[in-house]
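I opened this notebook to record what I looked up in one chain. The entries follow the order in which I consulted the structure.

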Amino acid sequence: MQIDIKHLESLSKLEFDERKEKQFEKDLEKILDFVDEITKLDLPKEDKSKAVSISALREDEPAVGDFDPLSNAPDKKDGCYKVPLVVE
Amino acid sequence: MDFLKMSIKQISDGVKKQDFSAEEVVKFFIDRIEKYKEYNAIIEVFDDAEQKAKAIDEKVKSGEKLGEMAGVPVILKDNILYLGHKMSVASAFMKDYVAPYSATIVKKLEKAGAVIIARANMDEFAMGGSTENSVYGVTLNSKDKTRVAGGSSGGSATAVALGLAPVAIGTDTGGSIRQPSSFNGTVGIKPTYGTVSRYGIVAFASSTDQASPITRTIEDNELVLKIMAGKDQFDQTSIENDFGVAKKTYTIGLCKELMDKIQKLEQYPLFEKKIKDFEKAGFIIKQVSVPHIASSLACYYVLTPAEATSNLARFDGVKYTTRAKDAKTIDEILIKSRSQGFGDEVKRRIMLGNFVLSSGYFDAYYKKAKELQQLLKKEFAKAFEKCDVIITPTTPDVAFKIGEKSKDPISMYLEDLFTVPASISGIPAISVPYAEKQGLPLSMQIMGKEKSESVLYDIAKCIMEEK
């Protein structure tokens with residue numbers, strides 16, 4: 001199984017040096033060969049329909065939690081997470 | 001007083017009757033943690049543990065009614081939130097994180113009178129089978145210091161085997177309680193999916209994650225799991241589970257599709273002897289079929305990385321404690337914080353998850369694995385029409401040597417061969433020691449139908465009593 005390691009790095013928001021990149025490419029290709037049997041299985045039809053579905057969710061209601069979600073933020077200001085300027 | 005010889009019930013009753021104090025109990029176990037430091041099972045002893053024990057003693061003196069774990073020390077795996085205390089998921093990324101609230105299970109344990117005394121080492125983000133992937137270093141096996149503790153709840157299992165607490169809480173996504181329990185000779189259960197609330201536990205693969213107790217005895221295990229169980233308004237997948245009803249005798253299933261693999265194992269003569277013992281004890285042994293069980297491992301290593309990749313997207317250098325120092329733009333914050341913060345195994349699974357979810361591969365991998373998961377659930381349900389439980393070894397062999405498998409991810413993944421089917425099918429499975437090989441414990445795994453934990457505990461008792 002050939003993979004596009006650069007594409008996966010970008011999807012994963014990760015970066016590697018060249019040596020690590022090679023190692024990861026090799027590892028991932030081995031793992032994908034290992035799980036490859038999945039792609040070859042011929043499964044009965046009735047199991048296909050419901051497999052990927054969104055389970056019933058409760059009604060969405062706004063609520064105030066009893067804890068401060070910002071308590072572990074590396075940088076914050078005025079009750080918000082602080083990050084560098086995103087939009088010019 | 002030797003609290004090591006006491007069951008959880010005996011400790012709790014003793015504290016309530018004031019035969020001894022919760023403070024004495026907690027001090028006894030904290031001293032043991034200090035004594036067995038070299039095993040690296042414990043990351044941190046909480047400095048308010050003795051204070052909390054004293055508070056229990058005060059309640060006893062004031063006549064307040066206490067629960068079934070009065071003054072019983074509990075160790076938490078380092079992925080469970082305990083208000084005001086550090087929790088790091090054994091990751092450099094989260095080293096300074098302080099829990100802003102307690103997990104539902106922690107609240108339940110405390111309500112029962114338990115005293116949380118420490119947090120235990122684990123594989124980073126619960127990904128691994130050896131507790132070698134921890135920023136705090138490797139945990140040693142309780143029976144042989146040159147071998148791994150198993151993982152990912154390796155710290156919890158080693159801690160219980162060494163008697164550092166009567167119970168440690170672990171989490172199990174594909175075997176992370178059962179495999180380290182097997183390697184250390186402790187009792188570990190992965191309950192029916194949904195039995196235990198996941199609220200306040202760091203998510204790895206939400207559709208299979210379950211927390212549960214690791215103990216020395218079945219009785220202790222059942223007592224603690226019952227306290228932890230129950231529907232929770234903060235976990236939409238949680239359920240009420242009555243654990244079912246134990247019977248007088250059982251039909252034990254051997255899975256046809258796994259038998260050739262089991263027969264090739266070195267431990268097979270011991271396993272076979274145990275099955276014969278069951279027959280002698282009047283149990284019926286039957287071959288049953290779960291046709292696609294052998295594909296469980298591949299299914300698991302598609303589904304869980306996919307879920308992990310979504311769950312770990314929240315670690316972005318913005319919300320949780322660590323941000324790369326050299327990052328200037330928002331994208332750099334994301335990429336550099338994650339690249340510096342996560343260890344290799346976590347990165348491997350994130351990349352793998354992104355692969356199976358990515359355009360062009362989603363249908364062939366992720367969707368197919370979800371279909372297989374549905375099919376496996378049905379196949380297990382059908383098999384359980386013919387038997388009460390299905391038995392396998394928990395692991396292919398005894399604990400392996402430190403470093404033996406850390407270079408080769410696949411050889412590590414193969415450790416999960418017998419444990420992942422129950423995980424992806426949502427059914428309960430318990431690991432219980434049944435024999436020894438060169439002084440190292442071997443365990444049996446008993447899988448049952450949904451909500452049949454009482455049956456698993458009952459059969460597990462037979463195994464442990466005969467041992």
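In which sense do strand E5 and strand E6 of chain B pair? I found that E5 (residues 187–190) and E6 (residues 210–215) pair in the antiparallel sense over two bridges; strands pair if DSSP finds at least two bridges between them. Helices (H or I, at least four residues) and strands (E, at least two) are DSSP runs, numbered from the N terminus. I noted B:Thr215 in E6(B) as the bridge partner of B:Val187.

The model is predicted, so local features need pLDDT of at least 70 and side-chain atom pairs pLDDT 80 or more, while totals for chains, interfaces and linings use all residues. Residues are numbered from 1 along each chain as its sequence is written, chains are lettered from A and ligands numbered from 1 in the order written, and side-chain values use heavy atoms, without hydrogens and water.

Next I traced the sheet in chain B. It is open, has 11 strands with mixed pairing, and runs E1-E3-E2-E4-E6-E5-E10-E11-E9-E7-E8. Its edge strands are E1 (42–45) and E8 (284–288), each paired on one side only.

I then turned to B:Asp172, which I located in strand E4 of chain B. I recorded B:Asp172 as buried (under 20% relative accessible area, 1.4 Å probe, protein chains only), because its relative accessibility is 0%. Its side chain makes a polar contact (N or O atoms within 3.5 Å, one able to donate a hydrogen and the other to accept it; residues adjacent in sequence count only if both atoms are side-chain atoms) with the side chain of B:Arg178 at 2.9 Å. The side chain of B:Asp172 also reaches the backbone nitrogen of B:Ile177 at 3.1 Å.

Technical notes
Buried < 20%, exposed > 50% of the residue type's maximum accessible area, 1.4 Å probe, protein only.
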